[in-house]
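Q: I'm new to this one, so let's take a close look at a single part. Could you walk me through it slowly?

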Amino acid sequence: MSRQSNRTTDSKKMNSELFTLTYGALVTQLCKDYENDEEVNKQLDKMRLIEDFLARSIGRCQDFRETADVIAKVIGKFQANQNVSGVTPSVTNWSPAGDEFSLILENNPLVDFVELPDNHNTLIYSNLLCGVLRGALEMVQMAVDVRFVQDTLRGDNVTEIRMKFIKRIEENLPAGDE
Amino acid sequence: MTDEALFEFLHMEIVSHVYKEQQASKGEMDNKDRAACVSVLEGMGFRVGQGLIERLTRDSPSFKDELDIMKFICKDYWTKVFRRQVDNLRTNHQGTYVLQDNKFSLLTQLSGGKQYLDQAPKYLAFSCGMVRGALSNLGLDSVVTAEVSVMPSCKFQVVIQKL
């Protein structure tokens, strides 16, 4: 049996399709299970994926700026693995106080082949990403607010994630204090 | 961090989510609830399998026969999804096939023997769905089940439904 497709060069892209398709199946199932988009967004936000890995990469950062660069690099590596053409996301729009910045992704690997139907305008498809980022930062004692400001799925040119440092989580206080 | 790890993490999270949701609304899980969870996971796998096989066979010529399709599943499809080929394919030449994978990638993290054997079905439902979805898009209706006696080895049984 011989199939003539160029398997070796395509194998990276294929694996990313597996992940992307599985993520799509998950979101579809959630939409079926929950009546409104808000609830789906919440469920996606709760899921835990690679927080451990992210937290370990961020762990030794001295300040928020360094943290921002590390996050951008990790996402960039993730994109390279997914064979998405594009560069490491850029870190921009720093607030004057240095506690808030934007991550601009030209390509969001989660949304290949995805279109949002009209009745799901408030669905934040990639909300898993926000939950993961927030969870990872909580693991290194940082309480951070993570939001999607622009989303290519909703017609914007790029995907923009806004991250705002809220406070350092003290070890003795319960983490859910903000 | 590899893409395979990402899929494995996501798969674990999905399984855990489906079971948590079911448990939250019922408290205790009975066999009917467990069956419902399995069928949700299998359904999700079905859609993914359909999508994947479409991408994989886009440029390939059509298959000669049912056995040809099954061999493709065992080699190319299995490699794409589980990063290895099926170790052993048996058939009775009457529509029943048994695919044996001795190091099933979604079970290797669970255990290396009999521990957690009762948990294994949860982690196989999605994969059964993926195989069924792939076959469905290739024109074959099937029933796919999996059994495990010693992890991480497992056997998938495919029964092609004749019209």
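How many cavities of 30 Å³ or more does a search of the whole structure find, and which residues are closest to the centre of the second largest cavity?

A: Sure! Keep in mind that this is a predicted model, where local features need pLDDT of at least 70 and side-chain atom pairs pLDDT 80 or more, while totals for chains, interfaces and linings use all residues. Residues count from 1 along each chain as written, chains are lettered from A and ligands numbered from 1 in written order, and side-chain values use heavy atoms, without hydrogens or water.

The search turns up 2 cavities of 30 Å³ or more (on a 1 Å grid over the protein atoms alone, sets of points where a 1.4 Å probe fits but can't get out). The second largest cavity holds about 40 Å³ of space, counted as what probe spheres set on the points fill, with points joined across faces, edges and corners. Its lining has 10 residues (each with an atom within 4 Å of a point), and B:Glu4, B:Phe7, B:Glu8, B:Val81 and B:Arg83 are the closest to the centre.

Both chains turn up among the elements giving two or more residues to that lining: helix H1 (7–33) from chain A, plus helix H1 (3–26) and helix H3 (66–82) from chain B. Helices here are DSSP runs of H or I, at least four residues, numbered from the N terminus. H1(B) gives the largest share, 3 residues.

As for chemistry, the lining splits into 5 nonpolar, 2 polar and 3 charged residues (Ala, Val, Leu, Ile, Met, Phe, Trp, Tyr, Cys and Pro are nonpolar, Asp, Glu, Lys and Arg charged, the others, Gly among them, polar).

Methods. On a 1 Å grid over the protein atoms alone, a cavity is a set of points where a 1.4 Å probe fits but cannot get out, and a pocket is an open set with protein on both sides within 12 Å along at least five of seven lines; lining residues have an atom within 4 Å of a point.
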